[in-house]
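Please open the structure in your viewer and keep the selection tool at hand. The tour goes from one stop to the next.

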Amino acid sequence: MSINPSVIPNLRRHRAVSEDDPATDTERAYLEVIAYLADRNEPVFAAQLARWFHVRPPTVTHMVKQLEHKAYITRDESHHITLTASGQVLADTIVRRHRQLERFLFDIMGVPWHLVHQEASRLEPALSPLLEARILALVGDATTCPHGNPIPGNGALLRGHTQLHLAPSGARFQITRIDEEAGEDTCTLQFLAVHGLLPEVELSVLQQSPTFGLRVRHGKHQVSITPHVAMLVWGEVLG
């Protein structure tokens with residue numbers, strides 16, 4: 001989601017919590033991002049959360065302690081953050097609702113591909129059981145969000161474990177998904193959409209540079225991609 005808590009309207013951010021779902025909207029946002037970072041198969045630390053949310057480290061430290069107190073996460077001696085069983089269940093629920101919303105907004109409502117991420121993040125905290133059921137009836141067969149990320153519980157596995165910036169020069173590369181972090185910047189998603197760099201598209205890597213990024217060919221078009229954007233594109237090296 002554009003999961004920055006600042007985009008959540010104040011009335012939603014301070015909604016009353018129930019015994020079944022005692023997490024606040026800000027806590028839910030942190031759990032979702034922890035789940036996204038864990039999908040990268042890399043250790044999750046508070047510093048990564050601070051960069052994602054664009055907040056100061058003390059803010060993250062306070063929230064991490066809060067999540068730990070509620071038994072949603074644990075931290076080891078290296079301060080590596082891991083979701084507990086209950087934290088994973090709640091995070092999966094949030095991710096599922098968010099990605100189903102994206103599917104609904106894109107497929108049914110016609111919201112542009114590069115905008116569904118942030119729109120879904122605004123709607124997810126306030127989604128009622130009735131609306132969730134109606135949305136599920138419309139998009140329940142979908143296995144991924146429009147950006148190629150799997151919807152938890154719908155049978156799809158996480159596809160593509162290589163970032164585009166790691167593909168060597170001369171390689172053929174198939175995009176399978178766009179990292180959720182790209183949703184923090186609609187300009188990044190718009191760049192990918194304008195140049196047709198979407199899930200299931202096959203590219204040829206023409207030139208690779210760790211400093212200046214890479215140049216790819218998509219159909220008859222050549223596109224220069226910065227290292228940062230290339231890190232947000234996941235897929236598979238073919239052949």
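How do the residues of the lining of the largest cavity divide into nonpolar, polar and charged? The model you are looking at is predicted. In the lining of its largest cavity, three residues are nonpolar, one is polar and six are charged.

To see this for yourself, select Tyr36, Leu37, Asp39, Arg40, Trp52, Arg99, Asn149, Arg177, Asp179 and Glu180, which line the largest cavity. Tyr36, Leu37 and Trp52 are the nonpolar residues here, and Asn149 is the polar one. The charged residues of the lining include Arg99 and Glu180. The space they surround has a volume of about 80 Å³. There is one cavity of 30 Å³ or more in the structure.

Next, select residues 46-53, which form α3, and 57-69, which form α4. In the loop between these two helices, pick His54. Its phi is positive, about 60°, although His54 is not a glycine. Is His54 buried or exposed? His54 counts as exposed because its relative accessibility is 64%, and the cut-off for exposed is over 50%.

Now move past α4 to the loop that leads to β1, residues 73-75, and select Ala71 there. Ala71 also is a residue other than glycine with a positive phi, in this case near 65°. Its relative accessible area is 40%, so Ala71 is partly exposed: partly exposed lies between the 20% and 50% limits.

Technical notes. Residues numbered from 1 in each chain as written. Predicted model: local features only at pLDDT ≥ 70, side-chain atom pairs only at ≥ 80, totals over all residues. Heavy atoms only, no water. Helix = DSSP H or I, 4+ residues; strand = E, 2+ residues; numbered from the N terminus. Buried < 20%, exposed > 50% of the residue type's maximum accessible area, 1.4 Å probe, protein only. 1 Å grid on protein atoms, 1.4 Å probe; cavity = no way out; pocket = protein on both sides within 12 Å on 5 of 7 lines; lining within 4 Å. Points joined across faces, edges and corners; volume = space filled by probe spheres on them.
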